[in-house]
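Me: Please take me through the nonpolar core and the enclosed space of this model, and explain the terms as they arise.

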Amino acid sequence: MSFKDLTSRAVRFYDEWLKDADPRVEDWPLMSSPLPQTIIIGAYIYFVTSFGPKFMENRKPFNLKQIMIVYNFSLVLFSIYMCYEFLMSGWATGYSFHCDIVDYSSSPQALRVCKYLTVFIAIFFVLRKKNSQVTFLHVYHHSIMPFTWWFGVKFAPGGLGTFHALVNCVVHVIMYAYYGLSAMGPVYQKYLWWKKYMTTIQLIQFVTITVHIGQFFFMKNCQYQYPVFLYIIWLYGVVFMILFLNFWYHAYTKGQRLPKDMTKKQKKEH
């Protein structure tokens, strides 16, 4: 098979594939093609893992305190708004939390922006020379999720497959409130005693998502339009649960992320 024939087949497959897309999102920003979001995510990964650290290697850390405060509390407000949209789009107005199919009517479904805004937190880590905080878990989570959400929004923006997004936005309200308070400086550190529980909240999130999606495997007559997404979401729940458990073990059980006074206490006990 020649390269020309291969290219032609790929184009025909792509065109046929897009015929099943939700026409309501065609004119939304970044939704006409997967290429723009692929470029954005690729640029993000390159910056936080290669270009950014090299660029900052011989430079002083940027003072981004004010920007981070505004950014984090803006995400808190945005996440609250997203929670409201998800609830009003079905989860508080009729969904059964069981077999909820996608509604392709003109009812609003707000999904597309949330994950792209969260990638900036890793960029701030790099510019402040906090490279130890740019972990594999962080980069993986904030790159793979928006990439796959594009396909979810494009083909199945609603129903059973969006419960995880609602839960994720609830977690974001708590998480970015913590980041915002933390960015405000040492005066507010005494109010952040619950830092360790952030990972617990994340774990509860993934257990909840995995259990909720897992019920689909025991349903006999659920007509959800794109079951492949449910398998992907369930797999994500399991993978992220393992990754966060690994983070928990190294950060807290082994004391790599504990406050200095608690780390000293652990050493004395051993």
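Reply: The questions below concern the core first and the cavity afterwards. This is a predicted model, in which local features need pLDDT of at least 70 and side-chain atom pairs count only at pLDDT 80 or more, while totals for chains, interfaces and linings use all residues. Residues are numbered from 1 along each chain as its sequence is written, and side-chain values use heavy atoms, with hydrogens and water left out.

Me: What makes the 37 residues a nonpolar core?

Reply: They are buried (under 20% relative accessible area, 1.4 Å probe, protein chains only) Ala, Val, Leu, Ile, Met, Phe, Trp, Tyr or Cys residues joined through side-chain atoms within 4.5 Å. Phe86, Phe216, Tyr224 and Phe240 touch the most other members of this largest core. Helices H3 (65–91), H6 (136–155), H7 (163–183), H8 (196–214) and H9 (227–253), which are DSSP runs of H or I with at least four residues, each supply at least two of its residues. H6 gives the largest share, seven residues.

Me: Which residues does Phe240 touch?

Reply: Leaving aside residues up to four places away in sequence, Phe240 has contacts (heavy atoms within 4.5 Å) with Leu137, Tyr140, His141, Ile144, Met145 and Phe206.

Me: Why is the space of about 90 Å³ called a cavity?

Reply: On a 1 Å grid over the protein atoms alone, a cavity is a set of points where a 1.4 Å probe fits but cannot get out, so the space earns the name. A search of the whole structure finds one cavity of 30 Å³ or more. H9 supplies the largest share of the lining, four residues.

Methods. Buried < 20%, exposed > 50% of the residue type's maximum accessible area, 1.4 Å probe, protein only. 1 Å grid on protein atoms, 1.4 Å probe; cavity = no way out; pocket = protein on both sides within 12 Å on 5 of 7 lines; lining within 4 Å. Points joined across faces, edges and corners; volume = space filled by probe spheres on them.
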